[in-house]
Amino acid sequence: MTAIEIKNLTKRYKDFTLDNINLTLPTGCVMGLIGENGAGKTTTIKLISGLTAPDSGEIFVLGQNNKKNFKQVKEDIGVVLDEAYFPEAISAKQVSNIMKNTFRNWDETAFFSYLEKLSLPPKKAFKDFSRGMKMKLSIAVALSHNAKLLILDEPTSGLDPVVRDEILDIFFDFIKDEQHAILISSHIVSDLEKLCDYIAFLHKGKLLICEEKDKLLEQHAILKCRKEDLDNLPSGVVKGCRNGEYGTEALVRREAVPAGFKLERATIEDIFLYSVKSAKEGKA
Amino acid sequence: MYILYIYSRSEVTVLEIFISNTSDQPIYEQICAQIKAHILSGKLREGDPLPSIRNLARDLRISVITTKRAYDELEHQGYIHTVPAKGCFVAKQNSELIKENYLKQIEEHLQQISELAKLCGLTNDDLIEMLRVLNQENL
């Protein structure tokens, strides 16, 4: 069963186009969506959660068309946007009362146990919450209506390392159930590197790469050498490079590099930076 | 990073797995190598249950696919077997296979020794003498 299936998705805005995206996320897995600001991450997430309509293409969430079966799909996904939008004056307890009438499967006990776990005060007004608390509250809401798919837009940005770690722990717990799946966008790549099974790179509305994380890490490596050495490598090996005065650093395809070169481990961040760089230079 | 596992056998076994995020060795190989070492050392015995893929991934804070790959590799090499809907268990160990494994490792080390010996001009007799002295000390 697939948690998300996106087919030929296109959405045009005046100054931005999300161009023909194809994506599949199996259940039981986590996919990280990485991209610069304005690359189309939030647009993709809004399209999946049905907040905007696509110009063309189809989206299936847990096997159901997200437009035709919107009511059911809405129950099955928990969405966390980069800002929490609750009325300013209400408390977490009142949020629960509202959600009780919003979601068929609202689980009050689960919600309050999340509040306790995340040390959120149930009676404090939302406007007095810190940024971290607001984010934690949205996550608690998203997790408390028996959602099978979590869609998270930058859930960890602007949060301190301790809170980020707590939140990651919750995601690790959530994904222990193999019926569950997570789509998470972030530009804090180190968070994603731990959690994700799949990584998708978005750049200017186009999907550059969508691949298993382990494969990405295995296939790529960082090579540090002299510029001349790099020029002598067969074409297609180098996927992007940075020339400095004292040497050159390049992202290379590990298996295609001749023996004798010393390769270093590439991180997801390296792979992302170099892919975007070479896409900008028009080589990708 | 490390984890502890307690198995319900007659006695309690503690199994530790350390994952290094900075090592050059891929994470799945690190898991593989350590579980293998536990099996070869006898800490894990035939029929012992292994942690479920999802629990292990959660405890080590790594992705599910990485963990699955480690288990697949172990199963492929005959160290563990999967019972559908029950989980993974340590397989019956073939002593010949284990011996073969050790032999291979010894060969690899000997290869290195012979290269080093060539570099500093040691003869075969010198090497044999060294080994004899070492073994006597260990006794």
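In this predicted model, Arg58(B) reaches across to chain A and forms a salt bridge with Asp169(A), in which the closest N and O atoms are 3.0 Å apart. That pairing belongs to a set, since the count between chain B and chain A is five salt bridges. Polar contacts have been counted across this boundary as well, and they come to 14 residue pairs, both residues of each pair being at pLDDT 80 or more. On the side of chain B that touches chain A, the elements that give two or more residues are helix H2 (53–60) and helix H3 (64–76) of chain B. Sorted by character, the residues of that side of chain B divide into five nonpolar, five polar and five charged.

The extent of the meeting between the chains can be described by residues and by area. Counted by residues, 15 residues of chain B are in contact with 21 residues of chain A. The size of an interface is often given as the accessible area lost when the parts come together. By that description, chain B and chain A bury about 1600 Å² between them, and 41% of this area lies on carbon and sulfur atoms. Which residues of chain B lose the most area to chain A? They are Arg54(B), Arg58(B) and Arg61(B), which together account for 46% of what the chain B side buries. Arg58(B), named here for its lost area, is also the residue that forms the salt bridge with Asp169(A).

A second interface is found inside chain A, which is divided into domain 1 (2–204) and domain 2 (216–283). The centres of these two domains, taken over C-alpha atoms, are separated by 34 Å. Nine residues from domain 1 of chain A and 11 residues from domain 2 of chain A take part in the contact. The table sets the two interfaces side by side.

| Interface | Buried area | Part on carbon and sulfur atoms |
|---|---|---|
| Chain B and chain A | about 1600 Å² | 41% |
| Domain 1 of chain A and domain 2 of chain A | about 870 Å² | 77% |

Within domain 1 of chain A, the residues that lose the most area to domain 2 of chain A are Glu193(A), Phe201(A) and His203(A), together 55% of what that side buries. How many salt bridges are counted between domain 1 of chain A and domain 2 of chain A? The count is one salt bridge. The side chains of Glu36(A) and Lys280(A) meet in a salt bridge, with a distance of 3.3 Å from N to O. One residue pair in polar contact is also found across the interface of the two domains, both residues being at pLDDT 80 or more. Strand E3 (30–35), helix H7 (189–195) and strand E9 (198–203) of chain A each supply at least two residues of the domain 1 side that touches domain 2, and the largest share of that side, four residues, comes from E9(A). The residues of this side of domain 1 divide into five nonpolar, two polar and two charged.

Two asparagines of chain A deserve a separate look for their backbone angles. Asn8(A), which is not a glycine, has a positive phi of about 45°; it lies in strand E1 (residues 2–12) of chain A and is partly exposed, with a relative accessible area of 43%. Asn146(A), likewise a residue other than glycine, has a positive phi near 55°. Asn146(A) lies in the loop between helix H5 (131–143) and strand E7 (149–153) of chain A, and Asn146(A) is partly exposed, with a relative accessible area of 47%.

Notes
Residues are numbered from 1 along each chain as its sequence is written. Chains are lettered from A and ligands numbered from 1 in the order in which they are written. This is a predicted model: local features need pLDDT of at least 70, side-chain atom pairs count only at pLDDT 80 or more; totals for chains, interfaces and linings use all residues. Side-chain values use heavy atoms; hydrogens and water are left out. Contact means heavy atoms within 4.5 Å. Buried area is the accessible area (1.4 Å probe) that two parts lose on being put together, summed over both. A salt bridge is a side-chain nitrogen of Lys or Arg within 4 Å of a carboxyl oxygen of Asp or Glu. A polar contact is a pair of N or O atoms within 3.5 Å; within protein, one must be able to donate a hydrogen and the other to accept it, and residues adjacent in sequence count only if both atoms are side-chain atoms. Ala, Val, Leu, Ile, Met, Phe, Trp, Tyr, Cys and Pro count as nonpolar, Asp, Glu, Lys and Arg as charged, and the others, Gly among them, as polar. Domain bounds come from an automatic or database domain assignment. Buried means under 20% relative accessible area, exposed over 50%, partly exposed in between (1.4 Å probe, protein chains only).
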